[in-house]
Amino acid sequence: MTDARTEPQWRSQPYPPEGASAAEGIRNQLGRPELDLLTILVREAAQNSWDAKDSRHDGPVRFGIDLGYVGPASADAWRRLLLNGAPSNDHLALRKALRAGIRIMTISDRGTNGLGGPIRADEIAKGRQDFVAFVRNVGEPRDTKLGGGTYGFGKAIFYLLSSLGTVLVHTRCRNDRGELETRLIGCALWSSYRDRDAEGNERRFTGRHWWGDASGDVIDPLVGAGAEETARQLGLAPFGKDETGTSIVVLDPQLDGLEPKEAAAYLSETVAWHLWPKMLERADGTLPMRFSVTCEGHDFPVPDPRTTTPLNLFVDAYRQLATDEGRTLSCQKPIRELGRLGLVQRPVVPLEPSPAARRAMEMVQVERSVHHVALMRPAELVVTYWPGRETGAELLSYAGVFRAAEEMDATYAEAEPPTHDAWNHQRLEGQDRTFVRTTFTRLKEAVDELLQLGGSTREGSANVALGAASARFSPLVGGAWGTGGATDYGTSSTGRATAAPDDDEELPDRRARAGSRRSGRATGTADASPPEDGTARAPRPRVKYAGETTYEERFGHSVLVQAFTLPAPVVQRVRVELAVALPGTGNRETDPPAGAAMPGLVGWEDPAGTLHASPTFVIEGGDDTVWRAVVRPAPDTITEITVKTQAVVAP
């Protein structure tokens, strides 16, 4: 034990005769992850904190990340205390760094057990051994049932994030007598080397260094009053009277090229995307975790997933897990319940995220539209976002949540890499391999079923999803469009344009044919075969769509616009057929229920930008002139736009 008068110092670990882990080996435990270091930090640190939650604590686990600099009042203490016995710059660049401004990142939790248990790895303990698992040992298996962590590699990220490979561990726990105890120790991982020891003998060193109480044969943490006094001198946040938890101080953190405030904004968004299940109240009203991100005294609030698009879709899917709307996914051979799936589909306006949010979304491979299922184990920490089949409609999104059954937790845990960000069935053998592979088969089946809109997406239609966009698509009312002369249009009870003759109506010497399109390409073609009497047959009118349906602003109104051309060189009349499909119902409507809104044609926009407010319009085709059908959408629907044409017969 130490007291307040003990001066901590550094000591480097030599290789013992029986061997030990080199620093490089520990730093490489995470392999070469696809995620960036800041994202891995959020995921791994939060998992550690959740697994360490104190069952005696009634409130949520509090998890915080703070970016800043060592203040002027503490800078001298940092240099005096942390330079005591520090390795040379050839073996750890700490001395050089402490001469300049000291940037730090503090990752903290409260309402957790802290790092308790023995302080040395060879001591036997009946309960938890969190301190030696985090500070001393490498690669220990998890000791928390249904915990988020698995291999004990989560600590490596703290060293990787530090450009010095150095952290301070400040923790408050209960010792084996049940008393509150504060502990403080410094740890560094860099690279193995050869050097002379205190007796002048050349030795090999592992590249692991510790800073703390040097009164024994190894460095121990400062404890009790000594730890609290040293922490006070360093300006570390003290623990409350009965508070337990841990703070990890990362020296000179690498921010992936971001400025500190940019990094804080990104961390805030990253917390939301990876930890949102822990931000939702449970059925009993309790909140699992509370998150905060600060930088130089400024708060960077974590987005509320319940009100943030598109995270709110995943929240809705998560809520289904406990209801009849959710479904159980199973493997049939061998028979095994895999877990529960919630799946929702919504019209969503294309996202316009902030730079920080865009960066966080790119890291989970979510772009403008969401077509993903969040995978999680019973600990309810997001493992990854599995991308399913796209909807084919720019504004239509779906989101799902799959939570593994508790009996399957060990199987999915074994399928994860050290960063816990994927389920790879290739890592497994036998039945476990089958279970994980079958999980993705069932997910694909569920998504395919969801996207079957009962045939509502028809050949020949331009399809665009709306809704959830009600704020953007404000109701259109009569107004002047200023196109050569003021043209007033209104919204009828049905919103449908007056129909021209149907496409299958007989016309002299020709039949009108609707243009058709899949994936934005026109597939209709003119029939050029001559009639049996040898006379020339006029080409049949057809529509060729010019790009996808877009939503645009016209004189202050939000509208849908479908561009098209008429390749056949004949005079023809165009009209539009409009219908709506309600997401997830498979229902397609051309006649509205009482009081329901329907889309309506605003008019036809010619190449010069003049709008012609008419249900049909006569156009001479045969060139590449682009016309546009302008449509008033119906909120909270998928709006189908089908442009149709037929020849105009001379009298």
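## An aromatic cluster around W276

Ring pairs join W273, W276, F314, Y318 and Y385 into a cluster, and the account that follows describes a predicted model. By the rule used for ring pairs, the count of aromatic pairs comes to 14. One of them is formed by W276 and Y318, an edge-to-face pair whose centres are 6.0 Å apart and whose planes stand at 90 degrees to each other. This pair links distant parts of the chain, since W276 belongs to the loop between α8 (260–275) and β10 (289–295) while Y318 belongs to helix α9 (residues 311–320), 42 residues apart.

Are the two partners of this pair buried or exposed? W276 has a relative accessibility of 0% and therefore counts as buried, and Y318, at 9%, counts as buried because buried means under 20% relative accessible area.

## A tilted pair and two charges over rings

The rings of Y412 and W423 make a further pair, with 4.3 Å between their centres and 35 degrees between their planes, so this pair is classed as tilted. Y412 lies in helix α11 (residues 409–414) and W423 in the loop between α11 and α12 (430–451), so the pair ties together parts that are eleven residues apart in sequence. Both Y412 and W423 are buried.

Aromatic rings also take part in arrangements with charged side chains. The charged end of R136 sits over the ring of W210, at 5.9 Å from the ring centre, and the charged end of R183 sits over the ring of F131, where the distance to the centre is 5.4 Å.

## The nonpolar cores

W276 appears again in the largest nonpolar core, which holds 78 residues and in which M105, F158 and W276 touch the most other members. The largest share of this core comes from α8, which provides eight residues. When neighbours within four places in sequence are left aside, the contacts of W276 include V271, P305, L311, F314, V315 and Y318, and W276 is likewise in contact with A374, M376, V382, Y385 and V401.

A second core, separate from this one, has 26 residues, among them W386, F402, A405 and L451.

## Strand β9 and its two partners

Which residues lie on the two faces of strand β9, and are they buried or exposed? On one side are G245, S247, V249 and L251, on the other T246, I248 and V250, and all of these are buried. Strand β9 (residues 245–251) is thus described as mostly covered, with seven of its seven residues buried.

Strand β9 pairs with strand β3 (residues 103–110), the two running antiparallel and being joined by seven bridges; within this pairing, I107 stands opposite I248 of β9. Strand β4 (residues 166–174) also pairs with β9 in the antiparallel sense, here over six bridges, and H170 stands opposite S247 of β9.

## Strand β13 between β12 and β16

Strand β12 (residues 327–332) pairs with strand β13 (residues 335–347) in the antiparallel sense over six bridges, and β12 and β13 form a hairpin with two residues between them. In this pairing, R336 of β13 is the bridge partner of C331.

Strand β13 is also paired with strand β16 (residues 396–404), again in the antiparallel sense and over nine bridges, with Q345 standing opposite Y398 of β16.

Terms used: Residues are numbered from 1 along each chain as its sequence is written. This is a predicted model: local features need pLDDT of at least 70, side-chain atom pairs count only at pLDDT 80 or more; totals for chains, interfaces and linings use all residues. Side-chain values use heavy atoms; hydrogens and water are left out. Rings of Phe, Tyr and Trp (its six-membered ring) pair if their centres lie within 6.5 Å; planes under 30 degrees apart count as stacked, over 60 as edge-to-face and the rest as tilted. Helices (H or I, at least four residues) and strands (E, at least two) are DSSP runs, numbered from the N terminus. Buried means under 20% relative accessible area, exposed over 50%, partly exposed in between (1.4 Å probe, protein chains only). A charge sits over a ring if NZ of Lys or CZ of Arg is within 6 Å of the ring centre and within 35 degrees of the ring normal. Two strands pair if DSSP finds at least two bridges between them. A nonpolar core is a set of buried Ala, Val, Leu, Ile, Met, Phe, Trp, Tyr and Cys residues joined through side-chain atoms within 4.5 Å. Contact means heavy atoms within 4.5 Å.
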